[in-house]
Amino acid sequence: MLRNKMITKFFLALFSACVIGSAYGSSVIEPVYPNGKPSLPFTPGIKLSNGMLFVSGHIPYVNGGIPEYARDGKDDMADQAKIVMESLKTVLDKAGYTFDDAVKVTVFMTDINNYSAFNKVYATYWPGDKIPPAREAIEIGALPGGKPGAEVLVEVSLIAAK
């Protein structure tokens, strides 16, 4: 029942956006800045008055870089995945949403062999009978923000709807 409700909300919002002619249409656009406006030209989240929330891709940065424990060669994907998911959570919280409102997630990783390690962390955000969102995982050559000795292994973005 909950799944059908979420799917219905998503498709109604999508249909509304198409009828209006764009994802923004006549919706009011509200930026979501959980930690203040970033110095880079992006917005962590965009909340529309129609209930849609678009969350930018997040990388495993804490205070401007990847923490040592997330690049020490021991469980780096799991550590980075946890940082990214918690970063997404801050945007969801600030916008008044939860992971239960997520309808679509995109995962970029530099090595698809880390898929299982990522999934172990990811699954904890939809425990038990909670319905995880639709998702794709894509292997790519590199992610922004990586430096020698501090490679960004994963980036995640999402769309939520209420």
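Start by selecting glutamate 68 and arginine 71: the two form a salt bridge, and their closest N and O atoms are 3.4 Å apart. Keep in mind as you click around that this is a predicted model. Arginine 71 counts as partly exposed, because its relative accessibility is 31%, which falls between the 20% and 50% cut-offs. Why would two such side chains pair up? Side chains of opposite charge can do so when their charged atoms come close.

Now zoom out and show the whole chain as a cartoon. You should find 3 helices and 6 strands. Trace them from the N terminus and the order reads α-β-β-β-α-β-α-β-β. The chain has 162 residues, and 36% of them count as buried. If you turn on the surface, you're looking at about 9,000 Å² of accessible area, with 58% of it belonging to carbon and sulfur atoms. As for contacts with a separation of 6 or more, 69% are between residues 24 or more positions apart.

Next, pick helix α3, residues 115–122. Which residues of this helix are buried? They are Phe118, Val121 and Tyr122. Look down the axis of α3 and you'll see that these buried residues line one face of the helix, because they fall within an arc of 100°. What do they pack against? Show α2 (76–95), along with the strands β4 (102–109), β5 (134–139) and β6 (154–161), and you have the partners of that buried set.

Stay with α2 for a moment and select lysine 82 and glutamate 86. Here is another salt bridge, with 3.7 Å between the closest N and O atoms. The two residues sit 4 apart in helix α2, so about one helical turn separates them. Lysine 82 is partly exposed at 42% relative accessibility, and glutamate 86 is partly exposed too, at 31%.

For the last stop, go to the strands and select glutamate 136 and lysine 104. How far apart are their closest N and O atoms? The answer is 2.3 Å, and the pair forms a salt bridge. Glutamate 136 belongs to strand β5 and lysine 104 to strand β4, so this pair ties together parts that are 32 residues apart in sequence. Both strands were on the list of packing partners for the buried residues of α3. Glutamate 136 has 28% relative accessibility and counts as partly exposed; lysine 104, at 22%, counts as partly exposed as well.

Want to keep hunting? The count comes to 5 salt bridges, among them the pairs 68 with 71, 82 with 86 and 136 with 104.

Technical notes: Residues are numbered from 1 along each chain as its sequence is written. This is a predicted model: local features need pLDDT of at least 70, side-chain atom pairs count only at pLDDT 80 or more; totals for chains, interfaces and linings use all residues. Side-chain values use heavy atoms; hydrogens and water are left out. Buried means under 20% relative accessible area, exposed over 50%, partly exposed in between (1.4 Å probe, protein chains only). The arc is that of the directions from the helix axis to the C-beta atoms. Contact means heavy atoms within 4.5 Å. Accessible areas come from the Shrake-Rupley method with a 1.4 Å probe; for residues, only the protein chains shown count as cover. A salt bridge is a side-chain nitrogen of Lys or Arg within 4 Å of a carboxyl oxygen of Asp or Glu.
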